[in-house]
Amino acid sequence: LVEGVLLVFGCAFTYGSYIVAGAKLIPRTGPALFNSVSMLAACFGVLVHQLVGGTVELNSLPAEAWYYGFLMAVFSTVIPSFLIAESMRRIGGENTAIIASIGPVSTLFMAWWLLGEPVTVLQVIGTAAILAGIWLVANTGIRRLE
């Protein structure tokens with residue numbers, strides 16, 4: 001449980017860093033260049049991880065795995081990351097982060113609707129907390145801790 005919490009915290013921290021950096025750099029570099037450099041850095045990290053600690057021989061994967069991996073890379077990573085970068089250019093980092101907070105809620109809903117996964121009480125409580133946080137920030141003018 002502790003390891004999972006630390007991994008989620010690490011993910012939230014790095015995503016927050018990406019949003020903050022994007023809000024400062026995108027006006028100077030443009031969303032396409034910023035996102036391309038970000039994607040290259042992430043790709044480099046994944047390649048280093050595979051070389052150092054990879055447990056799967058990539059050349060032994062069936063063609064179907066490469067096909068689905070390509071589709072996931074394009075439609076679940078590349079396109080959304082360019083859209084996020086463009087949204088940061090258009091509406092700013094704070095508003096992008098607020099809107100992106102709906103991601104876990106939509107993932108829960110789609111897992112239930114499309115995959116038939118069960119929804120637990122704890123997930124409903126977490127969803128309510130996320131939605132309440134989005135509502136508070138959007139409707140009360142709270143943008144940061146003073």
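These notebook entries record what I looked up in this structure, which is a predicted model.

**Entry 1: Overall make-up**

I began with the secondary structure. The protein has six helices and zero strands. Reading from the N terminus on, I noted the order of elements as α-α-α-α-α-α. I then looked up the extent of the C-alpha trace, which spans about 55 × 45 × 30 Å along its principal axes.

**Entry 2: Helices α1 and α3**

I turned next to the packing of helices. Two packed helices are described by the angle between their axes and the distance between the axes. I looked up both values for α1, residues 2–29, and α3, residues 63–91. Their axes are 9 Å apart, and the helices pack at an angle of about 50 degrees. I therefore recorded α1 and α3 as oblique to each other. Their crossing is right-handed.

Which residues make this contact? On the α1 side I listed Y15, Y18, I19, G22, A23 and I26. On the α3 side I listed S81, I84, A85, M88 and R89. By class, the residues of this contact of α1 with α3 are eight nonpolar, two polar and one charged.

**Entry 3: Helices α1 and α4**

I then followed α1 to its contact with α4. The axes of α1 and α4 come within 9 Å and cross at roughly 150 degrees. An angle over 145 degrees counts as roughly antiparallel, so I entered α1 and α4, at roughly 150 degrees, under that heading. The crossing in which α1 passes α4 is right-handed.

From α1, the contact uses Y15, I19 and A23. From α4, it uses G93, T96, A97 and A100. I sorted the residues of the contact of α1 with α4 into five nonpolar, two polar and no charged. Looking back, I noted that Y15, I19 and A23 of α1 also appear in the contact with α3.

**Entry 4: Helices α2 and α3**

The next pair was α2 and α3. Their axes come within 9 Å and cross at roughly 135 degrees. That angle makes α2 oblique to α3. Here α2 passes α3 in a right-handed crossing.

I listed P31, A32, F34, N35, S36 and M39 as the residues in α2. They meet T77, V78, S81, F82, A85, E86, M88 and R89 in α3. The residues of the contact of α2 with α3 divide into eight nonpolar, four polar and two charged.

**Entry 5: The largest pocket**

I moved on to the pockets. The largest pocket has a volume of about 610 Å³. Its lining comprises 22 residues, and those nearest its centre are Y15, Y18, P80, S81 and I84. Of these, I had already met Y15, Y18, S81 and I84 in the contact of α1 with α3.

Which helix gives the most to this lining? I found that α3 does, with seven residues. At least two residues each come from α1, α2 (31–53), α3, α4 (93–100) and α5 (103–115). By class, the lining of the largest pocket holds 13 nonpolar, nine polar and no charged residues.

**Entry 6: The second largest pocket**

I looked up the second largest pocket last. Its volume is about 390 Å³. It is lined by 14 residues, of which V46, L58, W66, G69 and A73 are the closest to its centre.

Helices α2 and α3 each supply at least two residues of this lining. I noted that α3 gives the most to the lining of the second largest pocket, with seven residues. The classes of the lining are ten nonpolar, four polar and no charged residues.

**Entry 7: Review**

I closed by reading back over helix α3. It packs against α1 at about 50 degrees, and α2 crosses it at roughly 135 degrees. It also gives the most residues to the lining of the largest pocket and to that of the second largest pocket.

Note on methods
Residues are numbered from 1 along each chain as its sequence is written. This is a predicted model: local features need pLDDT of at least 70, side-chain atom pairs count only at pLDDT 80 or more; totals for chains, interfaces and linings use all residues. Side-chain values use heavy atoms; hydrogens and water are left out. Axes are lines fitted to C-alpha atoms, for helices over the stretch in contact, and angles run from 0 to 180 degrees between N-to-C directions. Helices (H or I, at least four residues) and strands (E, at least two) are DSSP runs, numbered from the N terminus. Angles under 35 degrees count as roughly parallel, over 145 as roughly antiparallel, 65 to 115 as roughly perpendicular and the rest as oblique. A crossing is left-handed if the near helix is turned anticlockwise from the far one by less than a right angle, and right-handed if clockwise. Contact means heavy atoms within 4.5 Å. Ala, Val, Leu, Ile, Met, Phe, Trp, Tyr, Cys and Pro count as nonpolar, Asp, Glu, Lys and Arg as charged, and the others, Gly among them, as polar. On a 1 Å grid over the protein atoms alone, a cavity is a set of points where a 1.4 Å probe fits but cannot get out, and a pocket is an open set with protein on both sides within 12 Å along at least five of seven lines; lining residues have an atom within 4 Å of a point. Grid points are joined across faces, edges and corners, and a volume is the space filled by probe spheres set on the points.
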